[in-house]
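Please examine the sequence and the structure shown here before reading the report.

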Amino acid sequence: MKLLRPGVGRLGVITFHSLEDRIVKKAFRESAKAIGGVKDLTRKPIVPTKEECASNPRSRSAKLRAVERLLEDEEPTGRRNKYKKDR
């Protein structure tokens with residue numbers, strides 16, 4: 001997370017197994033506590049829609065998580081998932 005540029009740096013990770021997802025979720029949380037100024041863009045992971053799973057069965061286990069590095073003086077406010085689509 002330290003490599004992300006404050007104010008514009010974003011990191012998205014796609015996982016395919018529950019253990020991978022747990023590692024990513026834990027890493028995002030720990031970095032938010034350690035360096036601060038990290039906003040979780042996806043409170044819950046984004047998963048594929050039913051249509052996507054029907055056309056691409058391998059996508060059913062995929063989960064997307066994303067974080068954003070905030071400016072030094074900026075505080076994370078509200079957890080809003082602007083990437084979430086209706087299923």
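The report below covers the fold, the salt bridges, one strand and one helix.

## Overall architecture

This is a predicted model. The protein comprises 2 helices and 3 strands, and from the N terminus on these elements follow the order β-α-β-α-β. Among contacts with a separation of 6 or more, 75% join residues 24 or more positions apart.

Of the 87 residues of the protein, 25% count as buried. The exposed area of the protein is about 6,800 Å², and carbon and sulfur atoms supply 51% of that area.

## Salt bridges

The whole structure holds 2 salt bridges. In one of them, the side chains of Arg 10 and Glu 68 meet at 3.5 Å, N to O. This pair links distant parts of the chain: Arg 10 belongs to strand S1 (residues 10–15) and Glu 68 to strand S3, with their positions 58 residues apart in sequence. Arg 10 has a relative accessible area of 42% and is therefore partly exposed, whereas Glu 68, at 11%, counts as buried.

A salt bridge also joins the side chains of Asp 21 and Arg 65, at 2.8 Å, N to O. Here too distant parts of the chain are linked, with Asp 21 in helix H1 and Arg 65 in strand S3, 44 residues apart. Both Asp 21 and Arg 65 are buried.

## Strand S3: Glu 68 and Arg 69

Glu 68 is located in strand S3. Leaving aside neighbours within four places in sequence, Glu 68 is in contact with Gly 7, Gly 9, Arg 10, Gly 37, Val 38, Lys 39 and Leu 41. The list includes Arg 10, whose side chain meets that of Glu 68 in a salt bridge.

Is Arg 69 buried or exposed? Arg 69 lies in strand S3, which spans residues 63–69. Its relative accessibility is 11%, and Arg 69 counts as buried because this value is under 20%. Not counting residues up to four places away in sequence, Arg 69 touches Met 1, Lys 2, Leu 4, Arg 5, Pro 6, Gly 7, Val 8 and Gly 9, together with Ile 35, Gly 36, Gly 37 and Val 38. Gly 7, Gly 9, Gly 37 and Val 38 appear among the contacts of both Glu 68 and Arg 69.

## Helix H1 and the positive patch

Which residues form the positive surface patch? The patch consists of Arg 22, Lys 25, Lys 26, Arg 29 and Lys 33. Of these, Lys 25 is found in helix H1, which covers residues 18–35. Lys 25 has a relative accessible area of 32% and counts as partly exposed. Patch residues must have over 30% relative accessible area, so the 32% of Lys 25 satisfies that requirement.

Ala 27 is also placed in helix H1. Ala 27 is partly exposed, with a relative accessible area of 38%. In sequence, Ala 27 and Met 1 are 26 residues apart, and in space the two are separated by 9.4 Å, C-alpha to C-alpha. Met 1 is also one of the residues touched by Arg 69.

## Summary

Strand S3 takes part in both described salt bridges, through Glu 68 and through Arg 65. Helix H1 contains Asp 21, as well as Lys 25, which is one of the residues of the positive surface patch.

Notes
Residues numbered from 1 in each chain as written. Predicted model: local features only at pLDDT ≥ 70, side-chain atom pairs only at ≥ 80, totals over all residues. Heavy atoms only, no water. Patch = residues over 30% accessible without salt bridge, like charges linked within 9 Å, V, L, I, M, F, W, Y side chains within 5 Å. Areas by Shrake-Rupley, 256 points an atom, 1.4 Å probe, with all protein chains shown as cover. Salt bridge = Lys/Arg side-chain N within 4 Å of Asp/Glu carboxyl O. Lys, Arg positive; Asp, Glu negative; His and termini not counted. Charge placed at Lys NZ, Arg CZ, Asp CG, Glu CD. Helix = DSSP H or I, 4+ residues; strand = E, 2+ residues; numbered from the N terminus. Buried < 20%, exposed > 50% of the residue type's maximum accessible area, 1.4 Å probe, protein only. Contact = heavy atoms within 4.5 Å.
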